[in-house]
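Reader: I'd like a close look at one part of this model, the second largest pocket. Can you walk me through what surrounds it and how that ties in with the rest of the fold?

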Amino acid sequence: MTTSRDPEAVIETVRERVDPDPGERAALDAAVDSLVDRTEAALADLDVEASVLQVGSTARGTWVSGDRDIDVFVQFDPELPRTDLERLGLQVGRDVLPDGHTEFAEHPYVTGEFRGFAVDLVPCYAVPDATQIQSAVDRTPFHNAYLKARLDDELAGAVRLFKQFLKGIGSYGSDLRTEGYSGYIAELLVLEYGGFRETLQAASEWHPPVHLDPAEHGTRSFDDPLVVVDPTDPERNVAAVVSHAHVARLTHYARQFLADPGVDFFFPPATSPMDEDAVRAAIQKRDTTPLAVVFDPPDLVADQLYPQLRRSLAGLVRGLENAGFDVLRGETWARDRAVLFVELSVADLPAIERHEGPPVHAQPHAERFYETYVDSEAIGPFIDGDRYVVERPREITSAEQFVAERLTTVALGAQIEPVLEDEFVLEVGTDVAVLAEAFGSELAAYFHPSP
């Protein structure tokens, strides 16, 4: 990291890059005004009662310069049937964003571009409070109102700094691929601790589980490493998605920044992807055996795909280790193709394995064990200490054989398993270097990891 001993100089330098300038703010405001007018006109044409509300970071002034996202919510009567909400919401969205397309979360909505901004036009219910939501997005207007009432210009600026810090350390994003911090969590943390440096100071001293309840109204307990009780819903942890790794990562980098500030924490230099030769060289230097299971991923959105991939990777690692192979580390990646990548420090085993039986005195189990193996191909039974022991032929002697023959016997993601039953490609050793074309950046991060 490029550092400077003067934290205020660093922060001022970063502010100049993350604070939207007057022209950027004016362009945003004009786009929002026009979108709201267009949305209200579309509702009038449909002769339906609904209100229009801008939400999200651009509504609260916490957006980072260059982020060009506008969220417009259309709030319908809670008595409106769900099918009508979806139908009317899509119709309004298509009228406002005729070149947009439909995306799917809990229910469909329209996303598109308007004057250079990415726009989500989302239907929701105008419920009286967040505990009566009918759809997950119904909470968002309450989040918006809570924060707008409490974030002044100074705190909004602190949020922008904190968001960029989270981006710089690779912890920003609450999707299930990242499992990091959402913008809403970032805002709540800054509001709770009172500023950017105050938030880093607090995070540097975190000892999970960390429990925060801004509204002091929580009604249930949680097992997550970071708990931030939703100030609009006493039964929800808004930080439930944040992984143990990202809680630890924020603590690590907060300590590092406070000890030796630098702009690179916010804007780290780009990591060069590895090419095939670099991957081969890294493997040869490490003297390990990597295995890569490569396949076409099922047609799922990222928030559905990555939990499936992680479950499959965990099942593969567990299966290999139960078979006696020593897994050093594993990762999973997906683009057009998906990869379960494991690296083994022990990938080949002897032709025989030790198998311990019960103590000799433990009848009838000991007699049954002895009779099972006395005329078998196994060496023994013999007595070691007070137990019968045999050395029997090992069915699987290499990790490559295990994956080739038993991959679909391990605990895989429900929608990954049928894909792997149908077809996969197994790359072993330095042959995994072929992945560099599609996953060079991921391989660079794997072989040169940072905290």
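**Around the second largest pocket**

Author: Sure. The second largest pocket has a volume of about 1400 Å³. Keep in mind that this is a predicted model.

Let's begin with the walls. The lining of this second largest pocket is made up of 35 residues, and nearest its centre you'll find Gly 170, His 246, Arg 249, Glu 331 and Ala 445. The elements that put two or more residues into that lining are α6 (153-168), α9 (244-259), α11, β9 and α15. Of these, α9 gives the most, with seven residues. By class, the lining of the second largest pocket splits into 15 nonpolar, 12 polar and eight charged residues.

Now for β9, since it takes you from the pocket into a sheet. That sheet is open and has four strands, in the order β9-β10-β8-β14, with antiparallel pairing. β9 (326-334) and β14 (425-428) are its edge strands, so to speak: each pairs on one side only. On average, neighbouring strands here are turned by 15° against each other, direction ignored.

The partner of β9 is β10 (residues 338-346); the two run antiparallel and eight bridges join them. If you want a spot to click on, Asp 326 stands opposite Val 346 in β10. Helix α15 (residues 436-447) packs on the sheet and touches both β9 and β10, its direction making about 150° with that of β9. Both α15 and β9 are on the list of elements that line the second largest pocket.

For context, there's also the largest pocket, at about 1600 Å³. It is lined by 42 residues, and those closest to its centre are Asp 71, Asp 120, Thr 140, Ser 174 and Ser 182. Among the elements giving two or more residues to that lining are β2 (69-76), β5 (117-125), α5 (140-148) and α11 (302-322). You'll recognise α11, which also gives two or more residues to the second largest pocket. The lining of the largest pocket has 18 nonpolar, 11 polar and 13 charged residues.

Last, the enclosed space. The structure holds one cavity of 30 Å³ or more, and the largest cavity contains about 30 Å³ of space. Its lining consists of Ala 105, Glu 106, His 107, Tyr 109, Val 122, Ser 135 and Val 137. Sorted by class, those are four nonpolar, two polar and one charged.

Definitions and conventions:
Residues numbered from 1 in each chain as written. Predicted model: local features only at pLDDT ≥ 70, side-chain atom pairs only at ≥ 80, totals over all residues. Heavy atoms only, no water. Pairing = 2+ DSSP bridges. Axes fitted to C-alpha atoms, helices over the stretch in contact; angles between N-to-C directions. Contact = heavy atoms within 4.5 Å. 1 Å grid on protein atoms, 1.4 Å probe; cavity = no way out; pocket = protein on both sides within 12 Å on 5 of 7 lines; lining within 4 Å. Points joined across faces, edges and corners; volume = space filled by probe spheres on them. Nonpolar A, V, L, I, M, F, W, Y, C, P; charged D, E, K, R; others polar.
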